[in-house]
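The following report looks at ring contacts and at one helix packing in the structure shown here.

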Amino acid sequence: MMDAVGADAPFPNLRGGDSVLVIGGTGMLAPAVGDLLAAGLRVVLVSRRASGFAAAQHPLLVAVDADWADPGFAAKAMAAIDPDALRVVILWVHSAYRDSVSTALHSALPQNVRFVRLWGSGGGDPHRAAVTAAPLPGRKVGEVFLGSLSDGCGGNRWLSHREISDGTLAALRSEASRTVIGNLRAGSGL
């Protein structure tokens, strides 16, 4: 298990005034959103219930209510950001919509904006899902693979929201192309 680092560690490639677009950040990425805000970064949070998010009134947070299934999803996200200040997009999007959301944002955003995509292992091999996902040519992409941890009783447990957020922020800090949080199933290719 990794140590909780939250907002205490700096983001070497981000500074105050920079923006981070977080797609799907009101659940397991909620601690990461809070840490980004605490670090003085502007966060554009896009999810179905973004305006009901606990930090929705934070002066550095822009909450956008939008559903992945909405054909206007990317346009709603784009309307809320300043493309010149945007540095990173963190994507936690379920498989049915992942490619359409990723490619729409990829097409609309400047090439210097880094993408960090999260891949869950609950539905199978996250490595295979990442390999078969729509490519984002010419873009710097970090892939974060979510596994499980020992429950101490001979079984496994899912990662906590804090563990997922810490791993995602560690990937963001390191600019790693691949980050594995927890243990992946045998045969995952990682």
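In this predicted model, R48 lies over the face of W68, at 6.0 Å from the ring centre. A charge over a ring is also found at F11, where the charged end of R173 sits 4.2 Å from the ring centre. The two arrangements are set out below.

| Charged residue | Ring | Distance to ring centre |
|---|---|---|
| R48 | W68 | 6.0 Å |
| R173 | F11 | 4.2 Å |

W68 also takes part in an aromatic pair, and the count of such pairs comes to one. Its partner is Y97, with 6.3 Å from centre to centre and 40° between the planes, an arrangement that is tilted. The pair links distant parts of the chain, 29 residues apart, since W68 belongs to the loop between β3 (61-65) and α2 (73-79), while Y97 belongs to helix α3 (residues 95-108). W68 has a relative accessibility of 16% and therefore counts as buried, the cut-off for buried being under 20%, whereas Y97, at 32% relative accessibility, counts as partly exposed.

Turning to the helices, α1 (residues 30-38) packs with α5 (residues 161-174) at an angle of about 50°, and their axes are 7 Å apart; the two helices are therefore oblique to each other. On the α1 side the contact is made by A30, P31, A32, D35 and L36, which meet H161, R162, S165, D166, L169 and L172 of α5. Sorted by character, the residues of this contact between α1 and α5 comprise six nonpolar, two polar and three charged.

Conventions. Residues are numbered from 1 along each chain as its sequence is written. This is a predicted model: local features need pLDDT of at least 70, side-chain atom pairs count only at pLDDT 80 or more; totals for chains, interfaces and linings use all residues. Side-chain values use heavy atoms; hydrogens and water are left out. Axes are lines fitted to C-alpha atoms, for helices over the stretch in contact, and angles run from 0 to 180 degrees between N-to-C directions. Helices (H or I, at least four residues) and strands (E, at least two) are DSSP runs, numbered from the N terminus. Angles under 35 degrees count as roughly parallel, over 145 as roughly antiparallel, 65 to 115 as roughly perpendicular and the rest as oblique. Contact means heavy atoms within 4.5 Å. Ala, Val, Leu, Ile, Met, Phe, Trp, Tyr, Cys and Pro count as nonpolar, Asp, Glu, Lys and Arg as charged, and the others, Gly among them, as polar. Rings of Phe, Tyr and Trp (its six-membered ring) pair if their centres lie within 6.5 Å; planes under 30 degrees apart count as stacked, over 60 as edge-to-face and the rest as tilted. Buried means under 20% relative accessible area, exposed over 50%, partly exposed in between (1.4 Å probe, protein chains only). A charge sits over a ring if NZ of Lys or CZ of Arg is within 6 Å of the ring centre and within 35 degrees of the ring normal.
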